[in-house]
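Open the model in your viewer and keep the sequence panel visible. This tour tells you what to select at each stop and what is there.

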Amino acid sequence: MNNSTFNAHEYFQKIYARPVILEAKNLSQMFKHGKTERTILNQIDLKIHKREFICVIGPSGCGKSTFSRIIAGLDAYSSGELLVDGEKITGPSPERGMVFQGYTLFPWKTVKENVMFGPLMKGASQMSAEASAREWINIIGLEKYENQYPHQLSGGMKQRVAIARALVNEPKILLMDEPFGALDPHTRQKMQKHLMDLWENIDITIIFVTHDMDEAILLADRIVALKANPGEIKEIIEVDLPRPRNIELMQTKEFKRLKSHVDQLVHAQDDEIDPALEDLPKIPRMTQISSER
Ligand SMILES: Nc1ncnc2c1ncn2[C@@H]1O[C@H](COP(=O)(O)OP(=O)(O)OP(=O)(O)O)[C@@H](O)[C@H]1O
Ligand SMILES: [Mg+2]
């Protein structure tokens, strides 16, 4: 598809005609902080369609990770409903793969053994688990490293292994919470491109949490912008840019137009910030500082 043939209206009509794979209905999450109870996510209503690429953005503390953990089945929620393919989420499942920033690989397993873990847990034979692992290790381009241990890999490589380890289970949904947050800008761009290529070529729905607006616009079909305290959906933005996309798209005026819109949404003055950030303490002078300012 190129600029002249891309019809955004048609593109989104096709997406909305696909089955809903994840549905949040009036979903809320409360947490106890001391004696008080705080609403972190408030009445989230959202429908995500099969094969959509959704990015979730919002200020720190608005509940992005809380939302990801609930979808992953790692945390229970306080009220409302959350359905995958019409079924209530009751716990983690390989059908929802996870790639989180701090979600580390098993350090005592090699790259291949890390990727084999899911199939073996599902009862695959050693041989078939190894074959699936090899296939995914090839797709992420780490075949030369299959016998290395995580500490021998760079951050970008580790995240590629984490992606392979999730995708080998053929999940319906891939959940990514700031997966590229710790990478340098160049590696990050390469990973974004690689992820878009993967998504174009496999049957998967991606829910990707990020702080980075450029990243969200580059990757997403739709961006779910959350506001903080309590976390609520502020707006859902259709990214009407042609696909396949590449990094050069960021220089276009269409991209910049979207960015200024998203920027205004995320940094709007009327948003309350996470109370945890409101009372940052004043740092006392702890040592004798040599030169006065
Ligand atoms: N298990 C928990 N118990 C109590 N409070 C929690 C828990 N998990 C998260 N919170 C609170 O929920 C709020 C949202 O946290 P969350 O990690 O979801 O934010 P976030 O949007 O991912 O922020 P960031 O962009 O900094 O990663 C924070 O105020 C946090 O203190
Ligand atoms: Mg977070």
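Start by selecting strand S7, residues 173–177, together with strand S8: five bridges join the two, and they run parallel. The model you are looking at is predicted. To see one pairing up close, pick Asp177, whose bridge partner in S8 is Val209.

**Strand S8 and its other partner**

Now keep S8 selected, residues 205–209. Is this strand mostly covered or mostly open? S8 is mostly covered, with five of its five residues buried. Colour the two faces separately: Thr205, Ile207 and Val209 lie on one side, Ile206 and Phe208 on the other, and all of them are buried.

Add strand S3, residues 53–57. Four bridges link S3 to S8, and this pair runs parallel. A residue pair to label here is Ile54 in one strand and Ile207 in S8, which are bridge partners.

**Strand S6**

Go back to S7 and add strand S6. Five bridges connect S6 and S7, again in a parallel arrangement. Asp177 turns up here too, as the bridge partner in S7 of Phe100. How many of the residues of S6, 96–100, are buried? Five of the five are, so S6 is largely enclosed by the rest of the structure. Its buried residues are split between two faces, with Arg96, Met98 and Phe100 on one and Gly97 and Val99 on the other.

**Leu226**

Select Leu226, which is part of strand S9, residues 222–227. Why does Leu226 count as buried? A residue is buried if 20 or more other C-beta atoms lie within 10 Å of its own. Leu226 has 25 C-beta neighbours inside 10 Å, so it counts as buried.

Next, show what Leu226 touches. Leaving out residues up to four places away in sequence, its contacts are Val56, Gly58, Cys62, Gly63, Lys64, Gly231, Glu232, Ile233 and Lys234. Measure from Leu226 to Gly63 in the viewer: the two are 163 residues apart along the chain, but their C-alpha atoms are separated by 8.1 Å.

**Ligand 1**

Select ligand 1 and display the 13 residues around it; those that come nearest are Phe31, Ser60, Lys64, Ser65 and Thr66. Which helix gives the largest share of this shell? Helix H2, residues 64–72, does, with three residues. Colouring the shell by class gives four nonpolar, seven polar and two charged residues.

**The open sheet**

Turn to another group of strands. Select S2, S1, S4 and S5, which form an open sheet in that order, with antiparallel pairing. Look at the ends of the sheet: S2 (36–49) and S5 (87–88) stand at the edges with a single partner strand each, so one side of each has no neighbour in the sheet.

Zoom in on the S5 end. Strand S4, residues 79–84, is joined to S5 by two bridges, and the two run antiparallel. Label Leu83 and then Lys88, its bridge partner in S5.

**Helix H3 and its cover**

Select helix H3, residues 111–121. Which of its residues are buried? They are Val111, Lys112, Asn114, Val115, Met116, Gly118 and Pro119. To see what covers these buried residues, add helix H4 (126–139) and helix H5 (155–167), which are included in the cover. Then step past the end of H3 to Gly123, where phi is positive, near 100°.

**Two domains**

Colour the protein by domain. Domain 1 takes in residues 8–95 and 171–278, while domain 2 covers 113–166. Their C-alpha centres lie 26 Å apart. Where they touch, domain 1 contributes nine residues and domain 2 contributes six. On the domain 1 side of this contact, eight residues are nonpolar, one is polar and none is charged.

**The whole protein**

Finally, zoom out and show everything. The protein has nine helices and ten strands. Its C-alpha atoms fill a box of roughly 60 × 55 × 40 Å along the principal axes. For 293 residues, a compact globule would have a radius of gyration near 19 Å, and the 21 Å of this protein agrees with that. Of the 293 residues, 34% are buried. Take the contacts between residues at least 6 apart in sequence: 72% of them join residues at least 24 apart.

Key:
Residues are numbered from 1 along each chain as its sequence is written. Chains are lettered from A and ligands numbered from 1 in the order in which they are written. This is a predicted model: local features need pLDDT of at least 70, side-chain atom pairs count only at pLDDT 80 or more; totals for chains, interfaces and linings use all residues. The radius of gyration is taken over C-alpha atoms; the globule rule is 2.2 Å times the number of residues to the power 0.38. A residue is buried if 20 or more other C-beta atoms lie within 10 Å of its own, exposed if 12 or fewer, and partly exposed in between; C-beta atoms are placed from the backbone. Two residues are in contact if their C-beta atoms, placed from the backbone, lie within 7 Å. Two strands pair if DSSP finds at least two bridges between them. A residue is near a molecule or strand if its C-beta atom, placed from the backbone, lies within 6 Å of it. Ala, Val, Leu, Ile, Met, Phe, Trp, Tyr, Cys and Pro count as nonpolar, Asp, Glu, Lys and Arg as charged, and the others, Gly among them, as polar. Domain bounds come from an automatic or database domain assignment.
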